[in-house]
Amino acid sequence: SPCPFNGVASRALKGALAAEWNMLRAEANQTVSAGRALSAEARRVLSSMNLPMALEAFLCSQSIPESLAKRIEAWQAAGGMPELKHMMARVDDAASEAMMSVMSLDEMVASEERKARTFRTTCEERRDQERLALATAADA
């Protein structure tokens with residue numbers, strides 16, 4: 001399209017506007033390409049779950065395909081959402097137990113380190129007492 005500032009704008013301004021326009025066009029093309037790539041990826045993921053067919057069938061007939069209905073029924077027969085919530089609660093409980101075990105182990109390690117320090121100190125004191133006793137005996 002012709003530049004509305006053809007008669008007024010300097011050659012440098014026209015060049016800058018053209019460069020800006022080309023940059024915006026390139027960014028728009030990149031955005032469109034990225035959108036297409038994301039759309040293709042979404043379709044691939046949906047396809048791996050047999051969902052495009054299910055969504056299309058639902059939109060066309062307002063019902064879900066029989067294969068999807070069977071999968072839903074099997075999930076519900078296996079406990080459905082209540083079972084999922086129960087399993088999540090068990091995971092939370094196991095995580096709490098693991099954390100308590102880690103805390104208990106940390107305390108045990110700290111206690112053993114304290115005992116080891118006490119033992120080393122006692123041994124050093126005894127060694128010093130023995131050296132003193134030997135030195136005193138040697139002087140006598």
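**Helices, a nonpolar patch and two salt bridges**

Helix α4 (residues 80–139) supplies the largest share of the nonpolar patch, 3 residues. Helices here are DSSP runs of H or I with at least four residues, strands are runs of E with at least two, and both are numbered from the N terminus. The model is a predicted one, where local features need pLDDT of at least 70, side-chain atom pairs count only at pLDDT 80 or more, and totals for chains, interfaces and linings use all residues. Residues are numbered from 1 along each chain as its sequence is written, and side-chain values use heavy atoms, with hydrogens and water left out.

The patch itself covers about 380 Å² and is built from W75, M81, L84 and M88. To join a patch, a residue needs over 30% relative accessible area and no salt bridge; nonpolar side chains (Val, Leu, Ile, Met, Phe, Trp, Tyr) are linked within 5 Å, like charges within 9 Å. M81 sits in helix α4. With a relative accessible area of 39%, M81 is partly exposed, a label for values between the buried class (under 20%) and the exposed class (over 50%), using a 1.4 Å probe and protein chains only.

As for the overall layout, the protein chain has 4 helices and 0 strands, which reads as α-α-α-α along the sequence. Not much is tucked away: just 4% of the 140 residues count as buried. The accessible surface adds up to about 12100 Å², and carbon and sulfur atoms account for 62% of that. These areas come from the Shrake-Rupley method with a 1.4 Å probe, and for residues only the protein chains shown count as cover.

Helix α3 (residues 66–77) has 12 residues, and at 1.5 Å a residue they should span 16 Å; the end C-alpha atoms are 16 Å apart, so the two agree. The expected span is 1.5 Å times one less than the number of residues. After α3 comes G79, with a positive phi near 125 degrees.

On the charged side, the structure holds 2 salt bridges, each a side-chain nitrogen of Lys or Arg within 4 Å of a carboxyl oxygen of Asp or Glu. One pairs the side chains of E107 and R114 at 3.1 Å, N to O. E107 is partly exposed at 45% relative accessible area, and R114 gets that label too, at 40%. The other joins K115 and E112 at 3.7 Å, N to O. Both K115 and E112 belong to helix α4 and are 3 residues apart, about one turn of the helix. E112 is partly exposed, at 48% relative accessibility.
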